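User: I am new to this structure and would like the terms explained as we go. Please show it to me before we start.

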2 protein chains.
Amino acid sequence: MAEILSAAGVKSGSLYYFFKSKEALLLAVLDRYVELLQPAVIEPAFARTRDPIGRIFAVLDGYRRMLLETGFKQGCPIGNLALEMSDKSEAVREKIALNFDNWTGAVRQCLLDADDALAADVDRDRLATFVLTVMEGAVMVARIRRSIAPYEQAIAILRTYFERIASTTCTLDK
Amino acid sequence: MAEILSAAGVKSGSLYYFFKSKEALLLAVLDRYVELLQPAVIEPAFARTRDPIGRIFAVLDGYRRMLLETGFKQGCPIGNLALEMSDKSEAVREKIALNFDNWTGAVRQCLLDADDALAADVDRDRLATFVLTVMEGAVMVARIRRSIAPYEQAIAILRTYFERIASTTCTLDK
DNA sequence: GTCTATAGGCCGATAGAC
DNA sequence: GTCTATCGGCCTATAGAC
């Protein structure tokens, strides 16, 4: 809180005029992250390519850049909070879940846009959640190892998985 | 700290006789987790099957059980600390990295034991790290969604990936 | 080795002036 | 709306008796 007040250049009296508690501030931040996903994460990534599957990997590349630009200090801000705060407050857990749903919703839309390129027996919701799972896990391992390799290699494996299910025949065999 | 002292039934004076600081206690806990991986996580899982790849999934099933038994309060204790503590102390980050290396080392050994069943062009170290990545990400998403589905579905997708690289031909196509 | 007692600081939050 | 000033509590850590 001291860091936030200092960065904002205000005193605690001002902060508690707008937010009734520390948790209320956190909930507002999590609402803001929901609003910011599209303009700050999805749209910049989508601007790089029009291919639906390519857009998913463009989003994933954004987290790779974030890791590199911050020297592995910052990965996914939601993931940071997820394991730390989720069992301290049920309201916080629900807002984090909303952020995850927002994220997987955007990935799911890409999968639907690429519908005829994907095998019919692949559940789109489950696959979108798996993309989130791999991203969050890869960010964690990369940050702890202070190396981008675990992230890049996880995304590379995810890509081979996509190449596999994007083909209904066995054309990708090596 | 208050919870730890209460659970241990001692006063803080006793604790600081053995550990010079809060961080020193955390480092000792992380050392203990390194020691405990084999007897508490790996060996119980390995006792269920002798198949090397099956053993990897038996380990992963242990985390599934933990999530269910604790009502999603406890997943991987190392992952809990990873995002929260890694940039507060370099020594802590290194000990967490050691725990991750210990874990992927056990998985890597399984992959080496299954060597001739796996495609030759798959890097064993990278694959072991990917298994860790999927587990940690899946634990996070399952805890936030308070549902075992994201975990089970991530492991299921990982299994199809293993089925794919365990076959040099295209026999697993559906 | 464990206790009691407490130092000294930071924390979240509030009151009231302006 | 923002400030100054401050409260009471909790925290990590220490001192010293036993």
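Analyst: What follows covers the contact between two chains and then a DNA strand.
Analyst: This is a predicted model, in which local features need pLDDT of at least 70 and side-chain atom pairs count only at pLDDT 80 or more, while totals for chains, interfaces and linings use all residues. Residues are numbered from 1 along each chain as its sequence is written, chains are lettered from A and ligands numbered from 1 in the order in which they are written, and side-chain values use heavy atoms, with hydrogens and water left out.

User: What makes Arg145(B) and Asp101(A) a salt bridge?

Analyst: A salt bridge is a side-chain nitrogen of Lys or Arg within 4 Å of a carboxyl oxygen of Asp or Glu. The N to O distance between these side chains is 3.1 Å, so the pair qualifies. Between chain B and chain A the count is 6 salt bridges.

User: How large is the area buried between chain B and chain A?

Analyst: About 4,200 Å², with carbon and sulfur atoms giving 61%. Buried area is the accessible area (1.4 Å probe) that two parts lose on being put together, summed over both. In chain B, Leu83(B), Ile144(B) and Arg145(B) lose the most area to chain A, together 18% of what that side buries.

User: Why does the link from Ser12(B) to DNA strand D count as a polar contact?

Analyst: A polar contact is a pair of N or O atoms within 3.5 Å; within protein, one must be able to donate a hydrogen and the other to accept it, and residues adjacent in sequence count only if both atoms are side-chain atoms. An N or O atom in the side chain of Ser12(B) is 3.1 Å from a base nitrogen of DNA strand D, so the pair fits.
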